[in-house]
Amino acid sequence: MALIDGLLVGIVSLLVGALAIHIGARVVVGDEPAFGDAVIAAAVGALVYALFGFVGGIPVVGPALLLLLWIGVVNWRYPGGWLSAAGIGFAAWLAAIVLLWILSRVSLVEIGALGIPGI
């Protein structure tokens, strides 16, 4: 049962992260981005954090480097360059906070936003 619960929390967390990235992309890019791009960006972003999370332990430089890697993933999936990717990331971060707050208000399971830094 714990495996199924963990899998469900992982899937919901990935979808929350993807929805937050999708919202961020709609706000910054302006046109209708594909939701699949957001799912890929969230999954690859989470993978980058899993693979390079040890870098986060380096004072000051580590968290900045992880954030830069994540913005690079967003830049890879969406047009507009690094500045747009940073804007998408910031908007996604805000959207993830709002989405998680809404989910917490309806007493859903305790989840995060997979693929969104710091959430």
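Here is a short chat about the helices in this predicted model.

Me: How do you know that the span of helix H2 agrees with its number of residues?
Reply: H2 runs over residues 35-52, which makes 18 residues. At 1.5 Å a residue they should span 26 Å, and the end C-alpha atoms are 25 Å apart, so the two agree.

Me: What makes Ala 38 of H2 count as buried or exposed?
Reply: Buried means under 20% relative accessible area, and Ala 38 is buried, along with Ala 41, Ala 42, Gly 45, Ala 46 and Val 48.

Me: Why are the buried residues of H2 said to line one face?
Reply: Look down the axis of H2: they fall within an arc of 155 degrees, so one face it is. An α-helix has 3.6 residues a turn, so residues three or four places apart point the same way. Helix H1 (2-29) and helix H3 (61-77) are among what covers those buried residues. On the face turned away sit Ala 50 and Leu 51, both exposed.

Me: Why are H3 and H4 called roughly perpendicular?
Reply: Their angle is about 105 degrees, and 65 to 115 counts as roughly perpendicular, so the name fits. Their axes are 8 Å apart. Among the residues making the contact are Trp 70 and Ile 71 of H3, plus Trp 82 and Ile 88 of H4.

Me: What kinds of residues make up the contact of H3 with H4?
Reply: Nine are nonpolar, four are polar and none is charged.

Me: And what do the buried residues of H4 pack against?
Reply: They pack against H1 and H3; Leu 99 and Leu 100 are among those buried residues.

Terms used: Residues numbered from 1 in each chain as written. Predicted model: local features only at pLDDT ≥ 70, side-chain atom pairs only at ≥ 80, totals over all residues. Heavy atoms only, no water. Helix = DSSP H or I, 4+ residues; strand = E, 2+ residues; numbered from the N terminus. Expected span 1.5 Å × (residues − 1). Buried < 20%, exposed > 50% of the residue type's maximum accessible area, 1.4 Å probe, protein only. Arc of directions from axis to C-beta. Contact = heavy atoms within 4.5 Å. Axes fitted to C-alpha atoms, helices over the stretch in contact; angles between N-to-C directions. Parallel < 35°, antiparallel > 145°, perpendicular 65-115°, else oblique. Nonpolar A, V, L, I, M, F, W, Y, C, P; charged D, E, K, R; others polar.
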